[in-house]
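Please open the model in a viewer and keep the selection tool at hand. The stops below are arranged so that each selection prepares the next.

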Amino acid sequence: MLKNAGNREGREMTVKVAIIYYSATGTTFHLARAVEEGAKEAGAEVRFRKVHLDTTGRLWAGGALVNKVCSSFTSSGTAHGGQETTIVNLNTTFYHWGAIILGPGYADPIQFRAGNPYGASFTSNNGSLKPDETALAAARFQGKRVTEVAAQFIAGRKK
């Protein structure tokens, strides 16, 4: 999941991206690091966090997640392991928050090779494979795209 933080006073501000992930085998960790690389390449200030359970209740109830740009990525142990379903279901949580959901789509040539317009994903063969360069490049693109769109959103709010 990725989200941006804006500045309500209208001052120039770096896009802040939080990369929040869980990884049992390390595969999703590698995708998360690639998302981080892409976000940093696009100029984001990045916080990288591993979580074990949902702790967003207070933020959600207080409206702190409204209008944050969010995007999902995942990995699975097996082919047909529910990658797209996982991403869509993560996005359902974002709808409850009032967030702005941003997928990578086919907005970059890497997406035609990676094949998942919902978000970066990889099949790890039950943890025995690390993400290949195609999956990592798709994750970097996703981090960069979220950062750039969040920056546009922040700039637009200042006008």
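Which residues are buried in α3? The model is a predicted one, and the tour begins by selecting this helix, residues 83–97. The buried residues are Gln83, Ile87, Asn91, Phe94 and Trp97. Their arc around the axis is only 85°, so they lie on the same side of α3. An α-helix has 3.6 residues a turn, so residues three or four places apart point the same way. Next, add Tyr95 and His96, which are exposed on the other side of α3.

With the helix still selected, compare its ends. The 15 residues of α3 reach 22 Å from the first C-alpha to the last, close to the 21 Å expected at 1.5 Å a residue. Just after α3 comes Gly98, with a positive phi near 85°.

Now display what lies over the buried residues of α3. The cover includes α2 (57–61) and the strands β4 (69–70), β5 (74–76), β6 (100–101) and β7 (121–123).

**Strand β6 and its surroundings**

Select Ile100, which is found in strand β6. Is Ile100 buried, partly exposed or exposed? Its relative accessibility of 31% counts as partly exposed, because buried requires a value under 20% and exposed one over 50%. Beyond the neighbours within four places in sequence, Ile100 is in contact with Asn67, Lys68, Val69, Cys70 and Phe153. For a distance check, pick Phe48: its C-alpha is separated by 20 Å from that of Ile100, and the two residues are 52 apart along the chain.

**Two asparagines with positive phi**

One of the contacts of Ile100, Asn67, is the next selection. Asn67 is found in the loop between α2 and β4, and its phi is positive, about 65°, although it is not a glycine. Most residues other than glycine have a negative phi. The relative accessible area of Asn67 is 36%, which makes it partly exposed.

Then move to Asn126, in the loop between β7 and α5 (133–158). Asn126 is not a glycine either, yet has a positive phi of about 55°. With a relative accessible area of 59%, Asn126 is exposed.

**The nonpolar cores**

Which residues touch the most other members of the largest nonpolar core? Select Val17, Ile19, Leu31, Ala32, Val46, Phe73 and Ala139; the core has 23 residues. Two or more residues of this core come from each of β2 (16–21), α1 (27–41), β3 (45–50) and α5. The largest share, six residues, belongs to α5. A second, separate core has five residues, among them Leu65, Cys70, Phe94 and Ala99. Phe94 is also one of the buried residues of α3, and Cys70 is among the contacts of Ile100.

**The whole chain**

Finally, clear the selection and show the entire protein. Five helices and seven strands make up its secondary structure, and from the N terminus the elements run β-β-α-β-α-β-β-α-β-α-β-α. The radius of gyration is 15 Å, close to the 15 Å given by the globule rule for 159 residues, so the protein is as compact as a globular protein of that length. Along the principal axes, the C-alpha atoms fill a box of roughly 50 × 35 × 20 Å.

Of the 159 residues, 41% count as buried. Among contacts with a separation of 6 or more, 70% are accounted for by residues 24 or more positions apart. Colouring the surface by atom type is a suitable last view: the accessible surface comes to about 8600 Å², and 51% of it belongs to carbon and sulfur atoms.

Note on methods. Residues numbered from 1 in each chain as written. Predicted model: local features only at pLDDT ≥ 70, side-chain atom pairs only at ≥ 80, totals over all residues. Heavy atoms only, no water. Helix = DSSP H or I, 4+ residues; strand = E, 2+ residues; numbered from the N terminus. Expected span 1.5 Å × (residues − 1). Buried < 20%, exposed > 50% of the residue type's maximum accessible area, 1.4 Å probe, protein only. Arc of directions from axis to C-beta. Contact = heavy atoms within 4.5 Å. Rg over C-alpha atoms; globule rule 2.2 N^0.38 Å. Areas by Shrake-Rupley, 256 points an atom, 1.4 Å probe, with all protein chains shown as cover. Core = buried A, V, L, I, M, F, W, Y, C linked by side-chain atoms within 4.5 Å.
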